[in-house]
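Me: Got a minute to go through this one with me? I'd like to start with the ligand site and then wander around the fold.
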Amino acid sequence: MKFFVDTANVDEIREIHSWGVVDGVTTNPSLVAKEGRNFEEVIAEITSIVDGPVSAEVISLEAQGMIKEARELSKIHENVVVKIPMTDEGLKAVSVVSKEGIKTNVTLVFSPNQALLAAKAGAAYVSPFVGRLDDIGNTGMEVVRKIVDIFDIYGIETQVITASVRHADHVTEAALAGSHVATVPYAVFKKMLGHPLTNIGIETFLSDWEKASK
Ligand code: E4P
């Protein structure tokens, strides 16, 4: 499974990237707004850090506007993937720009049928939001499992990005579900890294080593 970092903060991206575990980055308008920086500049800087897909989301709600934004965003760098919301206008935009070779990530996917439509329209990626589904009492990972199974049955090449990841167990479950990618926030990467027994083990090894060398 590939790991994307789900943030627009370049310091966070640099830190996790230095671990050698980052395959790509996803951003959304909320994450970019938090940075208080120029959108295109942030995306360009991210592409200079990570050599992999970097999702940048359109703001328009109508297909024509989305298509225009997608063409502009894709000029920033060849690794830019244009994130487009799962609406009828979004599907129209995906079907146009995907034929021009622009990669798209259809976002705000909450059901297998939405994922099927996005894949059919030509999306390179679909992003089911597991955390937001859990928030309303559903089991988000069930949706990921169903999408992965359906794509496998039909040999659909669209990749599934497990998004809206809220805790480390979501990452494990996404891997077990066969999700191609999990996009993971900085704080969750930190939680994945740590284990109390690892820290205790290091302390014991070092103190044993010091005792023996006295
Ligand atoms: C990534 O593609 C999504 O925009 C992001 O994971 C959404 O996460 P949230 O539901 O925690 O805002």
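Reply: Sure, classes first: Ala, Val, Leu, Ile, Met, Phe, Trp, Tyr, Cys and Pro count as nonpolar, Asp, Glu, Lys and Arg as charged, and the others, Gly among them, as polar. On that basis the shell around the ligand holds 2 nonpolar, 7 polar and 2 charged residues. Bear in mind that this is a predicted model, where local features need pLDDT of at least 70, side-chain atom pairs count only at pLDDT 80 or more, and totals for chains, interfaces and linings use all residues. Numbering starts from 1 along each chain as its sequence is written.

Me: Which residues are around the ligand?
Reply: D6, T26, N28, T107, S127, F129, G131, R132, A163, S164 and T183. The cut-off is a C-beta atom, placed from the backbone, within 6 Å of the molecule.

Me: What's going on with phi at S164?
Reply: Phi of S164 is near 60 degrees, which is positive although the residue isn't glycine. Most residues other than glycine have a negative phi. S164 sits in the loop between strand 7 and helix 9. Helices (H or I, at least four residues) and strands (E, at least two) are DSSP runs, numbered from the N terminus.

Me: Is S164 buried or exposed?
Reply: Buried, because 21 other C-beta atoms lie within 10 Å of its own. The rule is 20 or more for buried, 12 or fewer for exposed, and partly exposed in between, with C-beta atoms placed from the backbone.

Me: And L108, where is that, and what is its phi near?
Reply: L108 is in strand 5 (residues 104–109), and its phi is near 65 degrees, again positive in a residue other than glycine. L108 counts as partly exposed because it has 19 C-beta neighbours inside 10 Å.

Me: Switching to the whole chain: how many helices and strands?
Reply: 11 helices and 8 strands. The C-alpha trace spans about 75 × 40 × 30 Å along its principal axes, and 41% of the 214 residues count as buried.

Me: Which strands does strand 1 run parallel to?
Reply: Strand 1 (residues 2–6) runs parallel to strand 8 (residues 181–184), joined by 4 bridges, and also parallel to strand 2 (residues 24–26), joined by 3 bridges. Pairing takes at least two DSSP bridges. K2 has V181 as its bridge partner in strand 8, while D6 has T26 in strand 2.

Me: Which helix goes with strand 1 and strand 2 in the β-α-β unit?
Reply: Helix 1 (residues 10–18), and the unit is right-handed. That is, with the strands pointing away from the viewer, the path from the first strand over the helix to the second runs clockwise.

Me: What about helix 8, which residues are buried there?
Reply: G140, M141, V143, V144, R145, I147, V148 and F151. They pack against helix 6 (112–121), strand 6 (125–128), helix 7 (130–135), strand 7 (159–162) and helix 9 (168–176); contact here is C-beta atoms, placed from the backbone, within 7 Å. Right after helix 8 comes G155, with a positive phi near 60 degrees.

Me: Why does helix 11 lie largely in the open?
Reply: Because the number buried among its 17 residues is 0.

Me: Last one: what does F189 touch?
Reply: I16 and V184, leaving out residues up to four places away in sequence. F189 lies in helix 10 (residues 186–193), and F189 is buried, with 22 other C-beta atoms within 10 Å.

Methods:
Two residues are in contact if their C-beta atoms, placed from the backbone, lie within 7 Å.
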